[in-house]
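Trainee: I'd like to learn how to read a structure like this one. Could you walk me through a few features?

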Amino acid sequence: MPVMPPSGLTCLSLFCGGGGLDIGFEAAGFVHAACYEILPQVAGSLSLNRPSWAVYGGESGDVTRQIWGQFSGIDVMVGGPPCQPYSQAGQQHGKSDVRDMIPTYVQAIKAVSPAAFVLENVPALLHEKFRGHLDAELMRPLDGAYHLHVFTLDAAWFGVPQARRRAFIIGFRSRSHFDRFTKPRPTHRLPFAKPDLVTPPLFGEPADALPVCMGARQSLGLPEIGFDALAPTIRSGMTGPRYTTSVVSGQASQRRWTELQVWPHGVNRTRAGAQLFPTPNGYFRLSVPDCAVLQGFPGDWRFPSQAYLALGIIGNSVCPPVAYNLAKAIRRAFG
Ligand SMILES: C[S@@+](CC[C@H](N)C(=O)[O-])C[C@H]1O[C@@H](n2cnc3c(N)ncnc32)[C@H](O)[C@@H]1O
């Protein structure tokens, strides 16, 4: 992510987690006005990496308690409201889930009236099942005020060695910004002929000239075993009935880790620590820095010392290279 010169554009980040979206917007030349995150340790992790930013955590980071008027004039509001109400990994209770924060996010958009906003979530949010809810809570309240682009992006198109697709709704107040915006073009080709965990792109295959996205083993520097593939989607260590240090997101995910000969349970805090605990079958035990590589975080990004928390931040985040390419596309739209 080559750092771009300042754009003169500001962004306000809600539900910022550990900063996946924010890393991308920063590298694309945006200046953060403030970041809001309810979990103090997660907000603290962003502050640790960016001490000069205004990061609010705990009660003062709770987006349901803010009055947003002070931020009018902001260029872009970004946010990934919690995905559990929509995620296939969860119960998909949508609007009846108390964690449904889309109405709160929309209220904030209306209060701040940014020139553009980004709403990120799991692709399931765009499924038929939630159409009525999205219409009622986002499309209709913003109708007339924002022009919307709705699409999904695969992380591997931007060089991230993981099967991870996310949905984006981008709203522009001005029609000309909306017209100038084009969703980010892939920077990489998918690495394998039949990547069964990556569904086909919605807009043409990337050109052959693009570099090939690495597989998980290659990106981790593991020896050749005659097989490589994108890592399966890394789940958040903070999601589910108990906090966990496993990054397995389902049966297909477990099969892929097995094919990769990578052990995704008991993820260790450090690479050296992981080596101290050989796996039952000799597979490579993951560590937090390995998961950070598989999510596309910059090499010098620091994570909390508790592995489950670090994995929560990683597994909840927008892959920074995806955020970066999206931010560049928004920057281009502003001209
Ligand atoms: C999907 S994560 C966002 C990840 C982030 N976009 C990134 O790229 O790293 C959603 C975040 O919203 C936070 N959250 C949930 N309810 C919140 C609230 N009421 N106020 C602020 N943050 C909240 C969660 O703790 C979680 O970190």
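Mentor: We'll go through the ligand site, a helix, a histidine and some aromatic pairs, bearing in mind that this is a predicted model.

Trainee: Let's start with the ligand. Which residues come nearest to the ligand?

Mentor: There are 19 residues around the ligand, and Gly20, Glu37, Asp62, Val63 and Val318 come nearest. By type, the shell splits into nine nonpolar, eight polar and two charged residues.

Trainee: And which polar atoms lie close enough to list?

Mentor: Glu37 has a polar side-chain atom 2.6 Å from an oxygen atom of the ligand. The backbone takes part too: a polar backbone atom of Val63 is 2.9 Å from a ligand nitrogen, and one of Ile38 is 3.1 Å from a ligand nitrogen. Of the 600 Å² that the ligand exposes when taken alone, the protein buries 92%.

Trainee: Gly20 was on that list. How many residues of helix α1 are buried?

Mentor: Seven of the eight residues in α1 (residues 20–27) are buried. Gly20 is one of them, and so are Leu21 and Phe25. The buried residues pack against several elements, including β1 (10–14), β2 (31–37) and α11 (320–334). Just past the helix, Gly29 has a positive phi of about 95 degrees.

Trainee: What about His149: buried or exposed?

Mentor: The cut-off for buried is under 20% relative accessible area. His149 sits at 18%, so it counts as buried. This residue belongs to strand β6 (residues 147–154), and its side chain reaches the backbone oxygen of Phe178 at 2.9 Å. His149 also touches Phe168, Phe172 and Phe181, among others.

Trainee: That's a lot of phenylalanines. How do I read aromatic pairs?

Mentor: You describe two rings by the distance of their centres and the angle of their planes. Here the count is 14 aromatic pairs. Tyr36 and Trp68 are edge-to-face, with 4.9 Å centre to centre and 80 degrees between the planes. Tyr36 is in strand β2 and Trp68 in the loop between β3 (55–57) and β4, so their pair ties together parts 32 residues apart in sequence. Tyr36 is buried at 3% relative accessibility, and Trp68 at 6%.

Trainee: And an example of a stacked pair?

Mentor: Take Phe151 and Phe181, which are stacked at 6.0 Å centre to centre with 25 degrees between the planes. Phe151 lies in β6 and Phe181 in the loop between α5 (175–180) and α6 (216–220), so this pair links parts 30 residues apart in sequence. Both belong to one aromatic cluster with Phe168, Phe172 and Phe334.

Note on methods: Residues are numbered from 1 along each chain as its sequence is written. This is a predicted model: local features need pLDDT of at least 70, side-chain atom pairs count only at pLDDT 80 or more; totals for chains, interfaces and linings use all residues. Side-chain values use heavy atoms; hydrogens and water are left out. A residue is near a molecule or strand if one of its heavy atoms lies within 4 Å of it. A polar contact is a pair of N or O atoms within 3.5 Å; within protein, one must be able to donate a hydrogen and the other to accept it, and residues adjacent in sequence count only if both atoms are side-chain atoms. Accessible areas come from the Shrake-Rupley method with a 1.4 Å probe; for residues, only the protein chains shown count as cover. Ala, Val, Leu, Ile, Met, Phe, Trp, Tyr, Cys and Pro count as nonpolar, Asp, Glu, Lys and Arg as charged, and the others, Gly among them, as polar. Helices (H or I, at least four residues) and strands (E, at least two) are DSSP runs, numbered from the N terminus. Buried means under 20% relative accessible area, exposed over 50%, partly exposed in between (1.4 Å probe, protein chains only). Contact means heavy atoms within 4.5 Å. Rings of Phe, Tyr and Trp (its six-membered ring) pair if their centres lie within 6.5 Å; planes under 30 degrees apart count as stacked, over 60 as edge-to-face and the rest as tilted. Lists of a residue's contacts leave out its neighbours within four places in sequence.
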